[in-house]
Every structure is written in C-alpha cells, then in structure tokens.
Amino acid sequence: MPKYSGMMWMLAFVAVFLIATYAVSQLTSLAPRVMHGSASAADLLIGVGYLAVTLVSVLILGRMIYSSERAAGRVRRRVKMFE
C-alpha cells in the first residue's frame, strides 16, 4: 500500500461528505418553494439534480465506510450492494 493512501482516503471521504452536505443544504433551501407550489420548472430540475448528487454521495460514503470496516474485520454479514 502506498505511503499516503490513508491520507488520500481521508481526503476523499471529506470531499464527498462536503459535496453531500452542500447538496442537502441546497435541497432544503428549495423545499419551501416546492411545498408552496411556487417553484419553477428550472427550480424543480435543479432540485432533482441536487437530489441525485445527494443520493450518489451517500452511497459512496456508505461504500467507503463499509470497505474500511470490512478491512478492519468488523463486518459479520456482507452487504451485496457494497461488495
């Protein structure tokens, strides 16, 4: 394993976490307009994009956590989605 792989893994995790956090914050700012019915088609399209980014980011974070737990030997039951 390369010398700085642990640091790169941590930086990748933080970057994906920040992306997910930003996407969720943008979704929560769009939510009141959608709930009141005053959102335009562009707002809805942007919201769907942020929702997709959020879901992909959460899946990536889950996979990263799962693989680190598996490498540490703490996974008793394997999850097919993350294999």
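Here are five short exercises, with worked solutions, on the predicted model shown above.

**Exercise 1. Overall form**

Task: Work out which secondary structure elements the protein chain has, and how its radius of gyration stands against that of a compact globule of 83 residues.

Solution:
- Begin with the elements: the protein chain contains two helices and zero strands. Helix H1 covers residues 5-36, and helix H2 covers residues 41-71.
- Next, take the radius of gyration. For the protein chain it is 17 Å, whereas a compact globule of 83 residues would have a value near 12 Å.
- Then look at the extents: the C-alpha trace spans about 50 × 30 × 15 Å along its principal axes.
- Finish with the contacts. Among those with a separation of 6 or more, 51% join residues 24 or more positions apart.

**Exercise 2. A serine in helix H2**

Task: Decide whether serine 57 is buried or exposed, and find which residues it touches beyond four places away in sequence.

Solution:
- Locate the residue first: serine 57 sits in helix H2.
- Now apply the cut-off, which is under 20% relative accessible area for a buried residue. Serine 57 has 5% relative accessibility, so it counts as buried.
- Leaving out residues up to four places away in sequence, serine 57 touches Val16, Ile19 and Ala20.
- To set this in context, buried residues make up 14% of the 83 residues in the protein chain.

**Exercise 3. A salt bridge between the helices**

Task: Find the salt-bridge partner of aspartate 43, and explain why the pair ties together parts that are apart in sequence.

Solution:
- Start from the total: the structure holds four salt bridges.
- In one of them, aspartate 43 pairs with arginine 33, and their closest N and O atoms lie 3.2 Å apart.
- Because aspartate 43 belongs to helix H2 and arginine 33 to helix H1, the pair ties together parts 10 residues apart in sequence.
- Lastly, check the accessibility of each partner. Aspartate 43 is buried at 17% relative accessible area, while arginine 33 is partly exposed at 35%.

**Exercise 4. Salt bridges of Glu69 and Arg70**

Task: Identify the salt-bridge partners of glutamate 69 and arginine 70, and say which residues form a network.

Solution:
- Glutamate 69 forms its salt bridge with arginine 74, with the closest N and O atoms 2.9 Å apart. Glutamate 69 is partly exposed, with a relative accessible area of 29%, and arginine 74 is exposed, with 56%.
- Arginine 70 bridges to glutamate 83, where the closest N and O atoms are 3.0 Å apart. This pair links distant parts of the chain, since arginine 70 is in helix H2 and glutamate 83 is in the segment after H2, 13 residues apart.
- Both partners fall into one class: arginine 70 counts as partly exposed at 36% relative accessibility, and glutamate 83 is partly exposed at 42%.
- To complete the picture, salt bridges link Arg70, Arg78 and Glu83 in a network.

**Exercise 5. A nonpolar surface patch**

Task: Name the residues that make the nonpolar surface patch, and place leucine 11 in its helix.

Solution:
- Consider the whole surface first: the protein chain exposes about 6500 Å², and carbon and sulfur atoms supply 71% of it.
- The patch has an area of about 830 Å² and is made by Tyr4, Met7, Met8, Met10, Leu11, Val14, Phe17 and Leu18.
- Now pick out one member. Leucine 11 lies in helix H1, and its 45% relative accessibility makes it partly exposed.

Notes:
Residues are numbered from 1 along each chain as its sequence is written. This is a predicted model: local features need pLDDT of at least 70, side-chain atom pairs count only at pLDDT 80 or more; totals for chains, interfaces and linings use all residues. Side-chain values use heavy atoms; hydrogens and water are left out. Helices (H or I, at least four residues) and strands (E, at least two) are DSSP runs, numbered from the N terminus. Buried means under 20% relative accessible area, exposed over 50%, partly exposed in between (1.4 Å probe, protein chains only). Contact means heavy atoms within 4.5 Å. A salt bridge is a side-chain nitrogen of Lys or Arg within 4 Å of a carboxyl oxygen of Asp or Glu. The radius of gyration is taken over C-alpha atoms; the globule rule is 2.2 Å times the number of residues to the power 0.38. Accessible areas come from the Shrake-Rupley method with a 1.4 Å probe; for residues, only the protein chains shown count as cover. Patches are made of residues with over 30% relative accessible area and no salt bridge: like charges are joined within 9 Å, nonpolar side chains (Val, Leu, Ile, Met, Phe, Trp, Tyr) within 5 Å.
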